[in-house]
Amino acid sequence: MTACTNNGGKARRVVTAALVGVLSVGAVPAIALATGADVSLMFAPGGEGGMELEKGTAKPTFMADEDGDLSYDDPIRCDENEDGVWEVAASDDMPYLVSVDKIQVAGTNDEVDINDSNFKDYRVRVYRADEDGNATGAALSGNKVDDAGEYVITVTGLAGSPYAGQTFKSNFVVKGIDLPQVVAFENGEKADMTFIYTGSALDVDFKTANSPYDVLEEGKDYTVTYTKGGKAVDSVTDAGTYVATLKGEGKYAGSETSCPVEVGRFKIDVNTDIVIAPFEESPDATPVSVSREDAGANGSKFTTFLDPSLVSVAPTTSTSTPGTYQFKVTTPDGANIQIGGQVADATKTWPGRKVENIATFTYKNASLEDSYELDASKGEEFDVSDIEAFNGKTEIADTEVSVDVDYDKKVEDGSVTYSGDAKADIEAGLPGVYKLVVTADDEDGNDYAGAATVTVTIYKGSLDADTSVFVYPPVEPGEDHVAVTSYEKGYDGVPLEANDFEVTFNGKKPDDFTVELLKGDEVVDEAVDAGEYKLVVTSSWYKLSGTTEMPVTISKVDLTKLEIGAIEKWNGVAGENYLPAKDGGYDVSTSTSAISSLELVYGDEALPDVVDVVVEINDEGTWKEVGTVGLDDDEITLIGGQYRLTATVPEDIASNFILPEGATSVTVPFTVSLGGSFKDVQPSDWYFEPVEKALVAGYMNGTTAPEPVYDDTTHQVGYVPQSGTFSPLSELTRGEVACVLYNVSGADVDETDKSYDENKGWLTGFSDVDGKQFYAEAVYWAKQNGVINGYGDGTFQPLRKITREEFACMLANFAEKVLGDEDVAKDNSAALAEMPDADSVTEWAEQGVAWAVSKKVMGNDGRVSPAALMNRGTCASMVVNYMLPEA
């Protein structure tokens, strides 16, 4: 039922913005606005359509993230060069976050600061510039600049800005650092600057020519091409002079440098070691190995191995009987391999032996392996004396077996003290990697000969990775730190590095272990793109068993599942989806703020801010981009409406997203509602707005009253959303209509004028009206003011339901006799005649219905439906249409 809630006073014709606004709660997130050097964007005053761009200067602001906390709060200096172009120097602190903080209208001295208070009125985007200085491609992710080069920054005025709908551009340059003078070195060894032909493509790296001799990273700092004799070549392989041309990337973009790479022929001379295996029948024409040792920088030495298949060896004499023979070396590739060159080289030969038998070796009564792994923590050691040699099944005397031991790798953390005698240390079980050369030689004859090389690794200890190695993934502050056996995250453009994981080793020193990130079998510095990776734990000094690899997955962003997380269900569980309006609105001026304020998600993952997010409102059929959702252009009054959100993926990262076929963006429509007070009146209902206005104005309450909200005092400021019921389709009775019109009037009946009796209640004069019923006061008022009359038999029939035409006549009576509306008495028949069902209006009701149509109280859907019973939703609409036509 409808309660009479009349509080006296004049007829209420205005719903204040404050009363409408109190239906919402919440606060807008703060904006992270990059500030720094001043910006002057030059605009020319335009006509009614807004401002038009005029030539001018612009100075973007640049912020770096020097401490790596993603705050981007470190300003980078920007200067104007002699040509009037703004430049910022590239640095190791890139990427830079680009923004603006001021605009200046051309032809005036007016400057407008762009700050936290109005930043939502502008959309700032950064693009790469083409050769004509125009924006090209998609907007850069997060307005961040990674490389040197030419760019365009655009500033678009959104709804609420004096420049709404206008886009202004400015160009800027990130000036790359010049590539330094470089020198080439080989295979990652900075001291090895001597290139010698090996038969394979050489691994060429580059370092700065001067101290501190920093190594440049290919792909990040430069790309390289080679020429030889003025012709482009794919690799550095053959002997000769090459020119390496390095083109800068990243902070070096736009610069270029070159340096020579000299590759010498492989010399086979007195300093060359050629190993020819012992043979029983005929010698092999291909040697076992060909190597030479050369001096590097700072007294270092480097060994170069030639592909042995590139040379041939042949004995200088017949090898018909066992014995030692001399072998000469030849090659068909004289351009790359130099044999001889000095007088002593002319007669240089290398020995090879023909024997009756090839000697074999055992260790602790088993065949000698190529390598052994031992555990020092278990007291394991390698006893060289346990190596034995055999000529067939006959053991060779120890005096004819030689074992040379050398250090290959030592523990360098100070935990192991070596004696300097590698053979003594290996037998003492000291951790390290040792190289053994074992030979057996029948020095008195040619009965046997043999050789073997063995690598022995003695670990500090053993570790079962399944029970002793724990991996903790990167987490946000406040999240639980829990060990995992796999890790997955959605693509977000943020590099993932091995050191982002915390790995513990059951109390062992972390320095004894290496944690690397691999894609396939290749070690990578970081994982950014979607794909399968693995975190691998290795150790030089601990023998690991169990699982030493952990799968790491960066999954694609499925934009086909994009949702607005801030969307709510009407009544919490049932009803339609809507976004509740809130104080301050939702900031969508940047992609980051839109993702945060609207809680954009796909599945369980937050949408990464590498996408470009634009939000528009449907303004009478025209879509207009906005910087705030749920506020009017002045960003003061809460509003509802139809919106759409478009998330666009930059081309350079599109492979990391799942998109509809052939699309580069996804659009999500949504509805913003002022958060109605009744759970059974939803935003899509045509009577939603009138019902709320009728409640706030005090015209109608709910069938279950919504819960009021008060400020710090006892002043009511609104209602708890969806806390009441309105029963909009319930049909109204004559008594209830009397209450509605009494509420609208704002009148107050004086109980002292003999209209009220303490025992009988209100004295309405109608025989069927109980003076103590909720509608009795309103019926008394309606009769006294001629708004609703009774029947000839002296009854009022308060419980009888009324039709739409009856209500139109009652409202017309109210308008004329209470509000003094003179239009009621006028001839409004022309307005009624336009309705297709005008003929169905009862003759006595024609004047009231015609007036209602002329006032747009009825017939707004094209019909008057006079005989239909009046329901509460329609009643609220008709009353609000008349009383609050502009509210």
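1. D512 is buried in this predicted model, with a relative accessible area of 6%. Its salt-bridge partner is K460, and the closest N and O atoms of the two are 3.2 Å apart. K460 sits in the loop between β38 and β39 (461–464), and D512 in the loop between β42 (502–504) and β43 (513–519), so this contact ties together parts that are 52 residues apart in sequence. K460 is buried as well, at a relative accessible area of 15%. Because the cut-off for buried is under 20%, K460 at 15% meets it, and so does D512 at 6%.

2. The count of salt bridges comes to 22. One of them joins the side chains of D492 and K489, with an N to O distance of 3.0 Å. Here K489 counts as buried at 12% relative accessibility, whereas D492 is partly exposed at 25%.

3. A further salt bridge, 2.7 Å from N to O, is formed by K855 and D823. K855 belongs to the loop between α10 (846–854) and α11 (872–883), while D823 belongs to the loop between α8 (804–817) and α9 (829–833); the pair therefore ties together parts that are 32 residues apart in sequence. Both residues are partly exposed: K855 has a relative accessible area of 28% and D823 one of 23%. K855 and D823 are also members of a salt-bridge network that includes D821 and K826.

4. The second largest pocket has a volume of about 870 Å³. Its lining consists of 26 residues, and V275, I276, V437, T439 and A451 lie nearest the centre. Which strands each supply at least two residues of this lining? They are β23 (272–275), β29 (350–354), β37 (432–441) and β38 (448–459). The largest share, seven residues, comes from β38. By residue class, the lining divides into 17 nonpolar, five polar and four charged.

5. Strand β51 (residues 577–580) pairs with two strands. With β50 (residues 568–569) it runs antiparallel, joined by two bridges, and E568 has Y578 of β51 as its bridge partner. With β60 (residues 665–673) the pairing of β51 is parallel, again over two bridges; P580 stands opposite S673 of β60.

6. How many disulfides does a search of the whole structure find? The search finds zero. Two cysteines can be placed by accessibility: C78 counts as buried at 4%, and C875 counts as buried at 0%.

Methods. Residues numbered from 1 in each chain as written. Predicted model: local features only at pLDDT ≥ 70, side-chain atom pairs only at ≥ 80, totals over all residues. Heavy atoms only, no water. 1 Å grid on protein atoms, 1.4 Å probe; cavity = no way out; pocket = protein on both sides within 12 Å on 5 of 7 lines; lining within 4 Å. Points joined across faces, edges and corners; volume = space filled by probe spheres on them. Helix = DSSP H or I, 4+ residues; strand = E, 2+ residues; numbered from the N terminus. Nonpolar A, V, L, I, M, F, W, Y, C, P; charged D, E, K, R; others polar. Pairing = 2+ DSSP bridges. Disulfide = S-S within 2.5 Å. Buried < 20%, exposed > 50% of the residue type's maximum accessible area, 1.4 Å probe, protein only. Salt bridge = Lys/Arg side-chain N within 4 Å of Asp/Glu carboxyl O.
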